[in-house]
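Biologist: I'm new to this one, so could you take me through a single part of it up close? I'd like to hear about the aromatic rings and what surrounds them.

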Amino acid sequence: MAKHPLWSDEYWLLLMQLYLKKPVGVKALYSRPLVALALELHIPPQYLYEQLFRLRTIDTPRMEKLWKDYGRNPRRLSRGVKLLRQKLGYADMFFEGVELNETWEKDFYPVEGVENTTITPVMLILILDQYFRLTPLTMVTETPEVQELARLLKMKPREVVDIMEIYQFCDPCLNRSDFLTSPLLDPCFQIWKRFGNDSPQKLAALAAQLKEYFK
């Protein structure tokens, strides 16, 4: 695996702290703690996920020393992580001369161009996945699948249905000719461009992983 340009070996302490959180072990790819660390470091979750497996393997002298020094000493690990975050400035981590690709990061922040919203592209991806599992007649608040997804996303069923209706305007198979005005129209259209014309199986696999973020 090629080294990420923003990765530093000091970050092993952050990953070890994450690994040792109960339940101990490699965390799900899109678990909230792993995504939070990825956002903090500006390193994609996939890279940190793979690094967690390296951490678990303990197959190099560096890993052996890391586990010997910190793995059985939670207080020392906590102090090391605290000092590291102070050194990095914790919330002000900018890297001079390095171009940051924020495509994946934006998926976890509220959609751009819409005021006072908590809806993120990740939520729109999950709703699109459910959209392909229903028919227009079942895209209603009474449908159990809609209610279940709304609970997971901490949304109202009506909000989920409204977004599914926007996707109907993006769907070329429906060819809707009526008019719709919504600030979420463009964000939904962008998600459709990314996933709507691709394999439903790929979207379903991604959605299954992304649900971990909301659990």
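Modeller: Sure, let's start with Phe132, which counts as partly exposed because its relative accessibility is 35%. Bear in mind that this is a predicted model. The ring partner of Phe132 is Trp192, and that one counts as buried, since its relative accessibility is just 4%. Their ring centres lie 5.4 Å apart with the planes at 40°, so we call the pair tilted. What's nice here is that the pair ties together distant parts of the chain: Phe132 sits in the loop between α7 and α8, while Trp192 belongs to helix α10, 60 residues apart.

Follow the chain on from that loop and you get to α8, residues 144-153, which packs against α9, residues 157-170. The angle is about 110° and the axes are 8 Å apart, so the two helices are roughly perpendicular to each other. On the α8 side, Val146, Gln147, Leu149 and Ala150 make the contact, and they meet Pro157, Val160, Val161 and Met164 of α9. Seven of these residues are nonpolar, one is polar and none is charged.

Back to the rings: the structure has 14 aromatic pairs. Another of them joins Trp7 and Trp12, edge-to-face, with 5.0 Å between centres and 80° between planes. Both of those tryptophans are buried. Elsewhere, ring pairs link Tyr30, Trp104, Phe108, Tyr213 and Phe214 into a cluster.

Some rings have charged company, too. The charged end of Lys27 sits over the ring of Tyr19, 5.9 Å from its centre, and Arg76 lies over the face of Tyr70, at 5.1 Å from the ring centre.

Technical notes:
Residues are numbered from 1 along each chain as its sequence is written. This is a predicted model: local features need pLDDT of at least 70, side-chain atom pairs count only at pLDDT 80 or more; totals for chains, interfaces and linings use all residues. Side-chain values use heavy atoms; hydrogens and water are left out. Axes are lines fitted to C-alpha atoms, for helices over the stretch in contact, and angles run from 0 to 180 degrees between N-to-C directions. Helices (H or I, at least four residues) and strands (E, at least two) are DSSP runs, numbered from the N terminus. Angles under 35 degrees count as roughly parallel, over 145 as roughly antiparallel, 65 to 115 as roughly perpendicular and the rest as oblique. Contact means heavy atoms within 4.5 Å. Ala, Val, Leu, Ile, Met, Phe, Trp, Tyr, Cys and Pro count as nonpolar, Asp, Glu, Lys and Arg as charged, and the others, Gly among them, as polar. Rings of Phe, Tyr and Trp (its six-membered ring) pair if their centres lie within 6.5 Å; planes under 30 degrees apart count as stacked, over 60 as edge-to-face and the rest as tilted. Buried means under 20% relative accessible area, exposed over 50%, partly exposed in between (1.4 Å probe, protein chains only). A charge sits over a ring if NZ of Lys or CZ of Arg is within 6 Å of the ring centre and within 35 degrees of the ring normal.
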